[in-house]
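Work through the exercises below with the sequence and the coordinates at hand. Each task is followed by a solution in steps.

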Amino acid sequence: MAVLLDHEIERGRFIEIQEMTFTRWCNNNLSEKGSPLIDDIFSDFESGVQLLSLLEYLSGIQLKYHKTPKTNTQKLENLSIALDFMTSEGIRLSAMSTEDIMGGNVKLILGLVWMLIQKYHIQVDDAKRCMLDWIQVVIPDAEIKNFTSDWNDGRALSALVNTCLPNSIADWNVLDANNAVENITSAMQIAEEDLAIPALLAPDDMANPDVDELSILTYISCFNPVLMQNLLYWLRAKLPHRSVDNLTLDWTNGVNLAHLVEALAPGSWEDFNTISPETSEDNIRKGLKLAYDSLGVFPRLKLEDFTNMDVGELQMATYLWQFRNSTITTSFAEGNSHRCIASGLGLTRGTCGEPARFTVHAGNAGAGKLEVAVTDPNGEPTEVLFDELGLSEYNVTYVPKVYGDYVISVLWANQHVPGSPFKSVVLGPPDASKCVLSGEGLHIARPGWPAEFLVNAQTAGVGHLSANIQGANTAPIVEIEEYAEGKYRATFEAKESGDHDLFVYWCNEPVPGSPFLVMVEDALPPSAMIKTTGGRMLQTETVHRAGDSIELDVDTKDAGDGQLAAVAIGPKGDAVPVEIISNRNRTFTLKLLTSRGGRYLVNVYFNGSHIPNSPFKVRVCNPEAIWAEGPGLMDSYVDDLGDFQVFTRDAGHGTLSVRVNGPKDKFRVDMWKGADRTVNCRYNPEVPGKYTINIKWEDEHIRGSPFVITVRKRGRENGN
């Protein structure tokens, strides 16, 4: 598929949409790795660093390359490593060279990103055809025929969101097509907040009749993991006594297919009780025919697709979803609390007096009862309401009555589900009077020099911060960043001297003291003369280790008399002290002692004003903060899928690598992202013996790694 419509086309609207979508897709993956994001997809791959970082995250393989290339030769070497690796992964790059990437070739760079999306994201070669088949069975009533005009009015997207999250947009089919942008915006917001699906393109772009089909296709494919997980829940509910852990290997012998047909069309399979894995081809032939005759399930797959697994997960899911369309019943599967998944905004935050909601999926959690207890900041219980949706899925609602931290315990069969107990922060209605402002930028600024002020809105309720500043002839832009929960940093750069009025609002209400009178003076502050001469704090590409002391050398000789001060903001938004050591000749060494993983912002001031390049960003990883759990890390039997989870929430920046070594050397490990920076892992031990599971973060073992387990054949006693 050609990425551009014509070799001569320039960056018109068509290309702009594709560029923005592909950039957001790249940044969504880079942010998960903790790598620097890209601003211009056509120039930021020039050094090869961000392209290689993206490949590391997508493939789970660490590569050796120049992390800070200083010459064109080193950049070309990086790009050569990237292209060679992609070729080794089976990606065809016949028309691409390192010079094309370094030169910013629009057509070939977009083509490169599209090939990465097909390989690692959609995971099929013919993405357009396979995705169209898939979407047509997932939302048949939407009558999708393409990935352009059929998505313009927002109803198809709303149908897709409603399929992922039942009853979230139940009236999707009666939405007004004339309100396209509103429909799309609402659906995207639910997808992002409740399903953790990033909005890769803007609502007005999706509503554009000339929208690029690859952009929509890429965004829609982000729903695949949620849809496939829902399909697995449904299949487990239909086959409570069968092992259904995937959409590929569990279907090769036709036994699960036979059980599914019999479950939905009882009595249709004669001699059902004689089904055997040894007659796999007969099982599949008969299953395909009976599914079509009894349930109307079209045989999209052939016999060899099952037995040899010549198709991928997406094609198998497309076939199996047809069974879900044929009938819906409710049943429950066997398992344990560790197979429950609790997700939703209500587990982490809420608004006083308004319903807070989350969902519990217990499709593979086994015989048991769901119990949820919500405790308010005073230790008092809060009423909890359950809405059983069927298919072993529950909507849970509580209404917080007071502000503060709530504790939410979610149990299945008297055992906590992963992540429980959860902590939810409940805020009140917006109250601008509770905002606390500080910083020199509220009163003084210099033309062409960044000015800054801070806003603490942690007790100001639910809302948003906005600000604008007005001079005699200019109105500088005020940029706002939420650097911690409820804490904001605002910066602006005045263009002219003279008095300026600074207006600051919380939910469109002025905060105390607004408007502020900011005096903009021409003279540069002494802090502008400060020099940073060395130290690891200047190594912006380096990921440091928790516990390291990160230094910065500062020279104040040219600034005259004054006071040097520093304070750091830690990953949790807390203040972290910075030690200042005085050397000779008005030089100083600053030391930041890191204690946890994440991003630190080191603010360095001279006479109350930021020195050049302050605040300094320090990235820290903490492998010790990661842990793993699950049956895949314990002794087991041959062909029992080795499932486990790795919890990386407090690990900070870094790359996760998982390797399983067994009697037949390395085993493939499937990895996919869960909620709250959890990584789900799976491998299939096919032979008995000792297995070693190595789990590393930034090439360092996490707690407990390496894990050594024994895999035995069923029916053998220990030691035999």
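The model is predicted.

**Exercise 1. Which residues does Thr-382 contact, leaving aside its neighbours within four places in sequence?**

Solution. Start with the contacts: outside that sequence window, Thr-382 touches Val-374, Asp-376, Tyr-398, Val-399 and Tyr-406. Next, place the residue: Thr-382 belongs to strand E5 (residues 381–382). Last, classify it: the relative accessibility of Thr-382 is 14%, so the residue counts as buried, the cut-off being under 20%.

**Exercise 2. Describe how helix H11 packs on helix H15.**

Solution. Step one is the geometry. H11 spans residues 224–238 and H15 spans residues 313–326; their axes come within 10 Å and cross at roughly 50°. Step two is the class of the angle: H11 and H15 are therefore oblique to each other. Step three is the hand, and the crossing of H11 and H15 is left-handed. Step four lists the contact: H11 contributes Asn-224, Leu-227, Met-228, Asn-230, Leu-231, Trp-234 and Leu-235, while H15 contributes Glu-313, Leu-314, Ala-317, Leu-320, Trp-321, Phe-323 and Arg-324. Step five sorts these residues into 10 nonpolar, two polar and two charged.

**Exercise 3. Repeat the analysis for helix H2 and helix H5.**

Solution. The axes of H2 (residues 49–59) and H5 (residues 106–122) are 11 Å apart, at an angle of about 15°. Angles under 35 degrees count as roughly parallel, and H2 and H5 are therefore roughly parallel to each other. Their crossing is left-handed. On the H2 side the contact uses Leu-51, Leu-54, Leu-55, Leu-58 and Ser-59, and on the H5 side Leu-112, Leu-116 and Tyr-120. By type, the contact of H2 with H5 has seven nonpolar residues, one polar and no charged.

**Exercise 4. How many aromatic pairs does a search of the whole structure find?**

Solution. The search gives 12 aromatic pairs. One of them is Tyr-292 with Phe-298, edge-to-face at 6.4 Å centre to centre and 80° between the planes. Tyr-292 is partly exposed at 45% relative accessibility, and Phe-298 is partly exposed at 47%. Now take Tyr-488 and Trp-506: the ring centres are 6.0 Å apart and the planes lie at 65°, so this pair is edge-to-face. Tyr-488 sits in strand E16 (residues 487–493) and Trp-506 in strand E17 (residues 498–506), 18 residues apart, and the pair links distant parts of the chain. Both Tyr-488 and Trp-506 are buried. Ring pairs also join Phe-306, Tyr-319 and Phe-323 into a cluster.

**Exercise 5. Is the peptide bond from Ser-614 to Pro-615 cis or trans? Treat Ser-705 and Pro-706 in the same step.**

Solution. For Ser-614 to Pro-615, omega is near 5° and the bond is cis. Pro-615 lies in the loop between strand E27 (609–610) and strand E28 (616–621). For Ser-705 and Pro-706, omega is about 0° and the bond is cis. Pro-706 lies in the loop between strand E37 (700–701) and strand E38 (707–712).

**Exercise 6. Where do Glu-143 and Ala-196 lie, and are they buried or exposed?**

Solution. Glu-143 is in the loop between helix H6 (127–138) and helix H7 (155–164). Its phi is positive, about 55°, although Glu-143 is not a glycine. With 55% relative accessibility, Glu-143 counts as exposed. Ala-196 is in the loop between helix H8 (180–195) and helix H9 (203–206). Phi of Ala-196 is positive as well, near 60°. At 63% relative accessibility, Ala-196 counts as exposed.

Methods. Residues numbered from 1 in each chain as written. Predicted model: local features only at pLDDT ≥ 70, side-chain atom pairs only at ≥ 80, totals over all residues. Heavy atoms only, no water. Axes fitted to C-alpha atoms, helices over the stretch in contact; angles between N-to-C directions. Helix = DSSP H or I, 4+ residues; strand = E, 2+ residues; numbered from the N terminus. Parallel < 35°, antiparallel > 145°, perpendicular 65-115°, else oblique. Left-handed = near helix turned anticlockwise from the far one by under 90°. Contact = heavy atoms within 4.5 Å. Nonpolar A, V, L, I, M, F, W, Y, C, P; charged D, E, K, R; others polar. Phe/Tyr/Trp six-rings, centres within 6.5 Å; stacked < 30°, edge-to-face > 60°. Buried < 20%, exposed > 50% of the residue type's maximum accessible area, 1.4 Å probe, protein only.
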